[in-house]
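Me: I'm new to this structure and would like to learn how to read it. Could you take me through some features, giving the general idea and then the case here?

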Amino acid sequence: MVRIFDRYIGRQILFATAFAAVVLTVVLVLGNMFKELFDRLTDNTFPVSAVFEFIKFVIPYSLILTIPWGFLTSMLLVFGRLSADNELISMRMTGLSMGRICLPVFAIALALCGVSFWFNASVAPEGEARMKRVLYQMATDDPMTLFQPGQTVTALPGYIMWAQDRQGDELINFHAIQLNENKQAANTYIAKRVKVELQGVESLAEITGVLGDQDRTGSAGELVLNFQDVHLDIKDSADPFDFQRIQHGAFLRESSIGISLEPLREKAKEITPSMMRFDALREKMADPALTGEHRSELRTEFSKRISLSLACLTFAFVAIPLGITAQRRETSIGFVLSLAVVMIYFMFIVIADMNKSDPGAYPHILMLLPNAIFMAIGGFLFYRLSKR
């Protein structure tokens, strides 16, 4: 009899969790991504292969959030229905305690904590690093993917660009602002047409230690913009704000500038704490040469992964009493309750992440605080529930 109850509750929780996690991933993550990429897909400025690359790498990263949220939603729905249909009362009448009834739920929670830790420790960091690599690869395979008609382009360091339209490998009504070392506007280019070429690309350097591949050397390449009918405003390098020294209205029938892609490649190779595997992150934290701010960022990222890995177990303590107390069969009630709990939980995560460079704010402790608070509240509610 007891095993029948375990299988009955366990199957419902697993099915509801899987369904909720899939729906949340598609709606919240992939839906927003396709919204951003739809215009590029429809005018062929974004290769379909790159979209599948993004999906492959973004899904593991999204599951860090959607698995705990889906598990929370499933418990609220399942236990709300069991309570509304008086099935829990029938189970209690057989002599089972609430702790024994909920045992399969906590077993599933522990298993999901293990899965979440695997995603947090290795899969998601590697996916995030590879997403940056894909962006650089796109720029070297087809530089026109950088330019979306009517959109400001800031991907190339030292320049702000805009084009009204594009035709093949040409940009129409092109505007570019060249920035100086202080990020101030130095020169302005306004061209009727610009042909974009890529020169000198040999290979892509990958990220050692994060992607698990060997470094490959080679030229990062140069993006060459060939202007036709271009107007230039050239500012004085010593004092760019002295408008009397600006050379206005210089007109050239043809001209060109070359923009090195080396800064873009270096940015793609940059390793942030969120891209490090768990073991690499732990080793880096032990480096005595770290500054206080950098150490705080690493410790915050370390605590964040622990906190998110424990989220399923934390939500189990809270969701069971809330679902039973609500006593509703409606899906909307369960989703609203889960949304409220998730918003409060992740509010702590967001605040800690915003202050990750401030050691005095103790962001690494703030990362773990929601688990402690929700487990304490959930434990108290579960204790009261088991005494009824």
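Me: Is F15 buried or exposed?

Reply: Buried means under 20% relative accessible area, exposed over 50%, and partly exposed in between (1.4 Å probe, protein chains only). F15 has a relative accessible area of 65%, so F15 is exposed. Before we go on, this is a predicted model: local features need pLDDT of at least 70 and side-chain atom pairs count only at pLDDT 80 or more, while totals for chains, interfaces and linings use all residues. Residues are numbered from 1 along each chain as its sequence is written, and side-chain values use heavy atoms, with hydrogens and water left out.

Me: Where does F15 sit, and which patch is F15 part of?

Reply: Helices (H or I, at least four residues) and strands (E, at least two) are DSSP runs, numbered from the N terminus. F15 belongs to helix α1 (residues 2-42). A patch is made of residues with over 30% relative accessible area and no salt bridge; like charges are joined within 9 Å, and nonpolar side chains (Val, Leu, Ile, Met, Phe, Trp, Tyr) within 5 Å. Here F15, F19, V22, V23, V26, V27 and L28 make up a nonpolar surface patch, together offering about 670 Å² of accessible area (Shrake-Rupley method with a 1.4 Å probe; for residues, only the protein chains shown count as cover).

Me: How many aromatic pairs are there?

Reply: Rings of Phe, Tyr and Trp (its six-membered ring) pair if their centres lie within 6.5 Å; planes under 30 degrees apart count as stacked, over 60 as edge-to-face and the rest as tilted. By this rule there are 11 aromatic pairs. In one of them, the ring centres of F106 and F317 are 5.2 Å apart with planes at 55 degrees, so the pair is tilted. F106 lies in helix α5 (residues 103-141) and F317 in helix α9 (residues 311-326), so this pair ties together parts 211 residues apart in sequence. F106 is buried at 15% relative accessible area, while F317 is partly exposed at 24%.

Me: What kind of pair do F117 and F278 form?

Reply: F117 and F278 form an edge-to-face pair, 5.1 Å centre to centre with 70 degrees between the planes. F117 is in helix α5 and F278 in helix α7 (residues 278-285), 161 residues apart.

Me: How many salt bridges does the structure hold?

Reply: A salt bridge is a side-chain nitrogen of Lys or Arg within 4 Å of a carboxyl oxygen of Asp or Glu. The structure holds 8 salt bridges. One of them joins R277 and E126, whose closest N and O atoms are 3.1 Å apart. R277 lies in the loop between α6 and α7 and E126 in helix α5, so the bridge ties together parts 151 residues apart in sequence. Salt bridges also link R81, D85 and E87 in a network.

Me: Which residues is L308 in contact with, beyond its neighbours within four places in sequence?

Reply: Contact means heavy atoms within 4.5 Å. Leaving those neighbours aside, L308 touches I64, P68, S116, N120, Y345 and F346. L308 is in helix α8 (residues 292-309) and is buried, with a relative accessible area of 4%. The C-alpha atoms of L308 and P68 are separated by 8.1 Å, although these residues are 240 residues apart along the chain.
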